[in-house]
Amino acid sequence: MSVSQELLNFIYVYWKWVFPLFGVAYLVSNRFQKGLHRIPGPWLNSFSTLPRMWSVYKGKHHLEDLELHARYGKVVRVAPNLVLVSDTSEINQIYGINTQFIKSRFYDLSAVYDNEGLVPDTFVLRQNKALHSRMKRNAANAYSVNGLMQFEPWIDPVVTKLISIFDRYAASGTAFDMGDMLKRFAMDAVCSLTFGSDFNYLEKGDEMKFLKSMSLFTAYMSIFGHVAWLHPILLGNPYIARIVSGGDSSNDAMLEISSHELGKFRESPPAEGDAMTFLSRLALNQSTNPKLITDREILTHAFGNISAGSDTTAIAMGSVIYHLLVNRAAYNRLSDEIRGQLSLPVGFQEANALPYLKAVVQEAMRMHPSVGQVLGRIVPPAGATVGGYKIGAGAEVGMSPWVLHRDPEVFPDPDSFKPERWILGEGVRDEEHLRQMNRSFFSFGHGTHTCTGKHISLMEVTKLIPTLLLRYDLELAEVGQTLKFNNWWFTQHHDLRAKITRR
Ligand code: HEM
């Protein structure tokens with residue numbers, strides 16, 4: 001009898017013992033892998049990823065993470081291969097421009113493949129640093145503050161449409177879901193500046209089901225990103241994905257409009273002085289230097305704007321509005337600043353020069369970061385010492401925006417909304433303290449993978465908030481209303497109901 005036959009016979013006879021023994025060996029090897037057993041954390045979590053997935057599934061893991069750090073310190077093991085770090089002196093090692101850490105497999109769940117292979121979205125390019133840098137470079141002038149000023153005219157008609165809808169709510173005096181309207185606005189705004197046209201989400205809502213798909217997908221990624229190796233047999237499998245999405249074709253519609261707009265640019269490029277869209281900016285980059293950017297890369301950037309830039313921006317707007325409405329002193333101070341210095345239609349440059357407005361936006365995004373989950377990174381082949389612990393290659397470490405933003409050493413009284421904490425001469429101790437706060441401000445991530453669309457979203461927020469305060473008085477629909485949300489990568493609000501009246 002061969003060795004393999006003997007082994008099979010043995011398993012057949014003793015299977016009742018063999019399988020549990022394998023299970024125990026697996027769990028014990030989980031606990032002792034990569035030197036991670038020295039790191040404190042809940043005992044059960046060091047054996048299996050399931051407790052962590054359960055915590056994320058419940059939608060409030062940011063609160064549990066805060067408790068874990070309070071109990072175990074700045075470095076906590078929350079799964080066999082996942083370590084949370086809240087030590088701000090480690091930000092550069094893990095995320096800085098020259099970091100050796102790469103993004104974790106969590107991000108693979110967002111990867112899309114076409115006939116040419118992996119679609120080169122910067123969000124998922126975690127190993128190919130050269131392609132990631134190329135993608136960052138080839139659209140840099142479109143995403144820069146100066147570059148995006150050209151796109152501002154595309155946002156104005158969307159603001160006008162929002163106002164006409166809000167005027168109807170104001171006239172009827174009915175409460176409405178502000179969070180939902182902001183999602184529609186952010187979707188139309190980012191489509192408009194990217195393509196020069198939008199899908200009229202403001203009037204029609206999510207008929208295309210793009211936002212619904214995004215919500216489902218981010219919830220899936222948030223939970224199953226912890227077991228990324230299972231993705232190919234879950235939503236990574238095209239058949240299963242089709243069944244779950246119910247044949248949703250919003251991605252195709254988005255790609256169709258991208259290709260159509262690119263074709264239009266080729267037929268009649270904008271004349272000198274014409275408003276430039278994001279897409280035409282990239283097409284112009286290509287026509288001046290064809291090697292700089294391919295058609296596929298242009299379409300990927302355009303599509304990424306919509307998937308990464310609509311919900312996130314809407315959440316930021318909702319957070320600003322909610323925190324202003326429950327902090328009337330801040331609402332009044334901001335109204336005075338805006339009403340004294342701006343008029344309708346609000347221009348980005350003028351609004352961006354208002355110090356209290358900037359502080360309010362940053363503080364609301366600190367209190368409620370749109371991305372609320374750990375930004376996971378893999379320890380490089382040489383291993384690393386993080387927060388005093390030696391960690392082996394391949395382990396996943398990461399910081400959570402939610403936790404960093406509640407660090408009382410950096411943000412005293414962290415649960416209070418205090419825009420003045422960002423203003424020198426008011427809440428900030430000195431310039432070093434301000435630098436430290438900015439370093440710990442993780443709403444847009446940090447370092448090599450910092451958010452590409454940060455300035456686009458800040459432009460939308462900076463235009464919209466003053467517009468609303470100039471035209472309306474706002475209040476929450478119910479006294480004592482809380483901010484309801486689940487933290488599934490994005491921290492989308494539910495039922496952010498408000499009432500407005502014309503001023
Ligand atoms: C308030 C709005 C936004 C927030 C809070 C936000 C947040 C973030 C965060 C936290 C990351 C880093 C993820 C990580 O390191 O793991 C990120 C990356 C990214 N964001 Fe945003 N984002 C916003 C708006 C936008 C917009 C409008 C766009 C596009 C127009 C965009 C495009 C991207 C892209 C492409 C990346 C990947 C960058 C890379 O890995 O190199 N985001 N964003």
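How far is an oxygen atom of the ligand from an N or O atom in the side chain of Tyr107? Select Tyr107 together with the ligand and you'll see the gap: 2.2 Å. Keep in mind as you click around that this is a predicted model.

**Around the ligand**

Stay with the ligand and bring up the side chains of Arg377 and His449. A polar atom in the Arg377 side chain sits 2.8 Å from a ligand oxygen. For His449, a polar side-chain atom is 2.7 Å from an oxygen atom of the ligand. Now colour the elements that supply two or more residues to the shell: helix H5 (129–138), helix H15 (295–309), helix H16 (311–326), strand E7 (375–378) and H22.

Next, show the whole shell. There are 29 residues around the ligand, and the closest are Tyr107, His132, Arg377, His449 and Cys451. Sorted by class, the shell holds 11 nonpolar, 15 polar and 3 charged residues.

**The iron atom**

Zoom in on the iron atom of the ligand. Which residue is its only protein donor? Pick Cys451: its SG atom is 2.3 Å from the iron. Then turn on the cartoon and follow the chain either way from Cys451, which lies in the loop between helix H21 (431–440) and helix H22 (454–471).

**A stop in helix H15**

Now head over to Glu297, a residue of helix H15. Is Glu297 buried or exposed? Glu297 counts as buried because its relative accessible area is 7%, and the cut-off for buried is under 20%. Add Arg134 to your selection too: the side chains of Glu297 and Arg134 make a polar contact at 2.9 Å.

**A small tour of a sheet**

Select strands E6, E14 and E11. They form an open sheet of 3 strands, in the order E6-E14-E11, with antiparallel pairing. At the edges you'll find strand E6 (176–177) and strand E11 (472–476), each pairing on one side only. How many bridges join E11 to strand E14? Look along residues 497–502, which make up E14: there are 5 bridges to E11, and the two strands run antiparallel. To see one of these pairings, pick Leu476 and its bridge partner in E14, Ala498.

**Last stop: residues 12–29**

Finally, select residues 12–29. An unreviewed UniProt entry annotates this stretch as "transmembrane region". In the model the span is 100% helix and 0% strand. Put a distance label on the C-alpha atoms at its two ends, and it should read 25 Å.

Terms used
Residues numbered from 1 in each chain as written. Predicted model: local features only at pLDDT ≥ 70, side-chain atom pairs only at ≥ 80, totals over all residues. Heavy atoms only, no water. Donors = N, O, S within 2.8 Å, 3.2 Å for Na, K, Ca; no water. Helix = DSSP H or I, 4+ residues; strand = E, 2+ residues; numbered from the N terminus. Near = heavy atom within 4 Å. Polar contact = N/O pair within 3.5 Å; in protein donor to acceptor, adjacent residues only side chain to side chain. Nonpolar A, V, L, I, M, F, W, Y, C, P; charged D, E, K, R; others polar. UniProt positions renumbered as here; feature names shortened; annotations may be inferred. Pairing = 2+ DSSP bridges. Buried < 20%, exposed > 50% of the residue type's maximum accessible area, 1.4 Å probe, protein only.
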